[in-house]
Amino acid sequence: VWYHRPAVTAELLQQLPKLQVVASAGVGVDHLDLELIASFGVKVANTPSAVSTDTADLAMALLLASSRRLVEGYQLAVSPDTQYFPAAWLGTEVSGATLGIVGMGAIGYKVAQRARAFDMRILYHNRRQRSLAEEGAVGAVYCKKLEDLLQQSDFVLLCVTLTPQTQRLIGKRQLELMKPTATLLNISRGLVVDQDALVEALQNQVIKAAALDVTHPEPLPRDHPLLKMKNVIVTPHIGSATKKTRIIMMENMTESIEAALAGLPVPNQVL
């Protein structure tokens, strides 16, 4: 399965009685009905470790681009109407700012490693608390309540897996808890955010900005308000989009397929 295709439906599974494994590119499996697939005796594998480094790099790229208004700055620099660069054109400092990471899995932890190099204060909210050694290595502080993280963070980064529990995790109430100077960053899935509430929050200056590698749907309709806002950066779901990583992802999928067909334990099997 690549880019969620083909769709693994009951109809498809019924047509493939000898199917043994579904290998899906990437870490997210929200596009797969795991219970349905398991009911046919079919295993599922994904490629979580392959995507974590590049996706963490993109998270920092979005954070920096948004804070320093990089897209706006480029447009200003190349516009045929520009006659001078205004001295009052300012961004937001990153060094020393507070980064709140929602979902401290492999990707979230690698973002924390990168953020520490910028002397950022790091908070995180997770289903389980990391070990004291892991926290100490990146200087991260655990927030048991999501609300505490939202209220303190200058940048809120979403790194969670999309599940029924995380769908619309960030809505009107959560956005109102954030600082009016805060930026929301999303590298997880578009449905983790209530997009209508986000549009309203940005229009009413409830939060300052957003940088999104994921939306719902993808791509957004061409007249969507998020595509017209100067304080929003949208990229086309490119967290894992480097040549090396895509090759590794395909190799991981092949290894899982070969193992399943040989009756061996399946690497990266999703249970």
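How much accessible surface does the chain have, and what share of it belongs to carbon and sulfur atoms? The surface comes to about 14,700 Å², and 55% of that belongs to carbon and sulfur atoms. Keep in mind throughout that this is a predicted model.

**Whole chain**

Start with everything shown as a C-alpha trace. Along its principal axes, the trace spans about 65 × 45 × 35 Å. The radius of gyration is 20 Å, which agrees with the value near 18 Å for a compact globule of 271 residues. Switch to cartoon. You should find 10 helices and 9 strands.

Next, colour by burial. Of the 271 residues, 45% count as buried. Then turn on contacts. Among contacts with a separation of 6 or more, 62% are between residues 24 or more positions apart.

Now colour the charged side chains. There are 26 positive and 25 negative ones. The centres of the two sets lie 3 Å apart.

**Strand β3**

Select residues 98-102. This is strand β3. Is it enclosed or open? 5 of its 5 residues are buried, so β3 is largely enclosed by the rest of the structure. Look at each face in turn. Thr98, Gly100 and Val102 are on one side, and Leu99 and Ile101 are on the other. Both faces are covered.

Add residues 121-125, strand β4. β3 and β4 run parallel and are joined by 5 bridges. Centre on Leu99 to see one crossing point: Ile122 in β4 stands opposite Leu99.

Keep Leu99 centred and add residues 155-158, strand β6. β3 and β6 also run parallel, with 4 bridges between them. Here the bridge partner of Leu99 is Phe155.

**Strand β6 and on to β7**

Stay on β6 and show its side chains. Phe155 and Leu157 point one way. Val156 and Leu158 point the other way. All four residues named here are buried.

Add residues 183-186, strand β7. Which way does β7 run against β6, parallel or antiparallel? The pairing is parallel, over 4 bridges. Pick Phe155 again. In β7 its bridge partner is Thr183. Phe155 thus has a bridge partner in β3, Leu99, and another in β7, Thr183.

**Lys110**

Move to helix α5, residues 106-116, and select Lys110. With a relative accessible area of 23%, Lys110 is partly exposed. Which residues does Lys110 touch, beyond those up to four places away in sequence? They are Ser52, Thr53 and Ala56.

Draw a distance from Lys110 to Arg222. The two residues are 112 positions apart along the chain, and their C-alpha atoms are separated by 33 Å.

**Pro267**

Go to the segment after α10 (243-261) and pick Pro267. Its relative accessible area is 31%, so Pro267 is partly exposed. Leaving out residues up to four places away in sequence, Pro267 touches Ala45, Glu255, Ser256 and Ala259. Draw a second distance, from Pro267 to Met253. These residues are 14 apart along the chain, with 8.8 Å between their C-alpha atoms.

**Two cis peptide bonds**

Select Arg5 and Pro6. A cis peptide bond joins them, with omega about 0°. Pro6 is in the segment before α1 (10-15).

Then select His216 and Pro217. Here too the peptide bond is cis, with omega about 0°. Pro217 is in the loop between β8 (209-212) and β9 (232-234).

**Two positive phi values**

Which loop holds Gln205? Look between α9 (195-203) and β8. Gln205 is not a glycine, yet its phi is positive, about 60°. A relative accessible area of 63% makes Gln205 exposed.

Finish at His237, in the loop between β9 and α10. His237 has a positive phi near 50°, and is likewise a residue other than glycine. Is His237 exposed, partly exposed or buried? At 26% relative accessibility, His237 counts as partly exposed.

Conventions: Residues numbered from 1 in each chain as written. Predicted model: local features only at pLDDT ≥ 70, side-chain atom pairs only at ≥ 80, totals over all residues. Heavy atoms only, no water. Rg over C-alpha atoms; globule rule 2.2 N^0.38 Å. Buried < 20%, exposed > 50% of the residue type's maximum accessible area, 1.4 Å probe, protein only. Contact = heavy atoms within 4.5 Å. Areas by Shrake-Rupley, 256 points an atom, 1.4 Å probe, with all protein chains shown as cover. Lys, Arg positive; Asp, Glu negative; His and termini not counted. Charge placed at Lys NZ, Arg CZ, Asp CG, Glu CD. Pairing = 2+ DSSP bridges.
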